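Me: I have a structure here and would like to understand the words people use for it. Could you go through it with me?

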Amino acid sequence: MAVIRTAIVIIFFLTSFATQARPRPPEPSVWLYNQTQDQVVVERNTHQIRPFASITKLMTAMIVIDQDWNWERRLQLSKLAGSRLPTGKYTRGELLRALLINSNNAAAETFAADYPGGRSAFLQAMNQRAWNLGMYSTQFQDPSGLSSGNVSNAGDLGAMIRAAGEYSIIREISIQSHVAVETRSRKRTRIMELNNTNGRALGMIENVRVGKTGFTNPAGFCVGLQVEQQGEVYLVVVLGAKNSTKRLDLVKNLLYNHTVESTNAKDSDSNRRSRRLQTR
């Protein structure tokens, strides 16, 4: 009996030590930027370099659009990543919609394979574009965001989201609720509907111009948005949230608390300047 009690005590202490020694996950990175006023409103852990999952696909889309505007050309779907789409050929337009709306990883790999020089040249173009945007803490190792080697910080990703917002086709596609894709087999053709993986975030947030969510185990739950609030344009980045609910709560807190404060502060400054002019 004494041996059993001793064993229980040892197991208890070993378990306690393991729990204490386990590193705590880092707090989320949170960044809110008023693009209209060129002003950072909120920043927490913004310089922490971490994976950012499928937010990657905004950069993928920019490289694809710059490469070729022929959206009717058909490409064979890549097998390097899983996909809800059946094996077959799809137009570049269908693949771009699947990429941005349904976060389709095979679509990302298909575009990379089609790029002049192949996948390695596509990744080089992604990294070069990041450097040109001043994203000096960013590295891309794959076109989909599945790789934990795709790393950045919140401020860098804000620059990427801002650049993506300059593409009307990205603004148009990324906020659609679903995409209908024509799939073909030997016997018949059918339409497959793919839902927007950003659906919950888009449904709860008003006036989204560009949006992309992401999740992998190393990255946690992430989101990047360009949103219009109070007549001004804001960029929002959340990286490493514990779950999708926490991610959405962080975004809502940023947009519905801090953007109002930012606007009120701007109005107060305007009123003070007006009063000073009146007293001169």
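Reply: Happy to! This is a predicted model. Its largest nonpolar core has 51 residues, and those with the most contacts inside it include Leu58, Met59 and Met160. Helix H2 (56-67) is one of the elements that give two or more residues to this core, and the largest share, seven residues, comes from H2.

Me: What makes the link between aspartate 66 and arginine 129 a salt bridge?

Reply: The N to O distance is 3.1 Å. The cut-off is within 4 Å, for a side-chain nitrogen of Lys or Arg and a carboxyl oxygen of Asp or Glu, so this pair counts as a salt bridge. Aspartate 66 lies in helix H2 and arginine 129 in helix H5, so the pair ties together parts that are 63 residues apart in sequence.

Me: Why is arginine 129 called buried?

Reply: Its relative accessibility is 18%. Buried means under 20%, so arginine 129 counts as buried.

Me: And why does aspartate 66 count as partly exposed?

Reply: Aspartate 66 has 47% relative accessibility. Partly exposed lies between under 20%, which is buried, and over 50%, which is exposed, so aspartate 66 counts as partly exposed.

Me: How do you know that glutamate 109 is buried?

Reply: Glutamate 109 has a relative accessible area of 6%. That is under 20%, so the word buried applies. The side chain of glutamate 109 also meets that of arginine 119 in a salt bridge (2.8 Å, N to O). Arginine 119, at 30%, is partly exposed.

Methods:
Residues numbered from 1 in each chain as written. Predicted model: local features only at pLDDT ≥ 70, side-chain atom pairs only at ≥ 80, totals over all residues. Heavy atoms only, no water. Core = buried A, V, L, I, M, F, W, Y, C linked by side-chain atoms within 4.5 Å. Buried < 20%, exposed > 50% of the residue type's maximum accessible area, 1.4 Å probe, protein only. Helix = DSSP H or I, 4+ residues; strand = E, 2+ residues; numbered from the N terminus.
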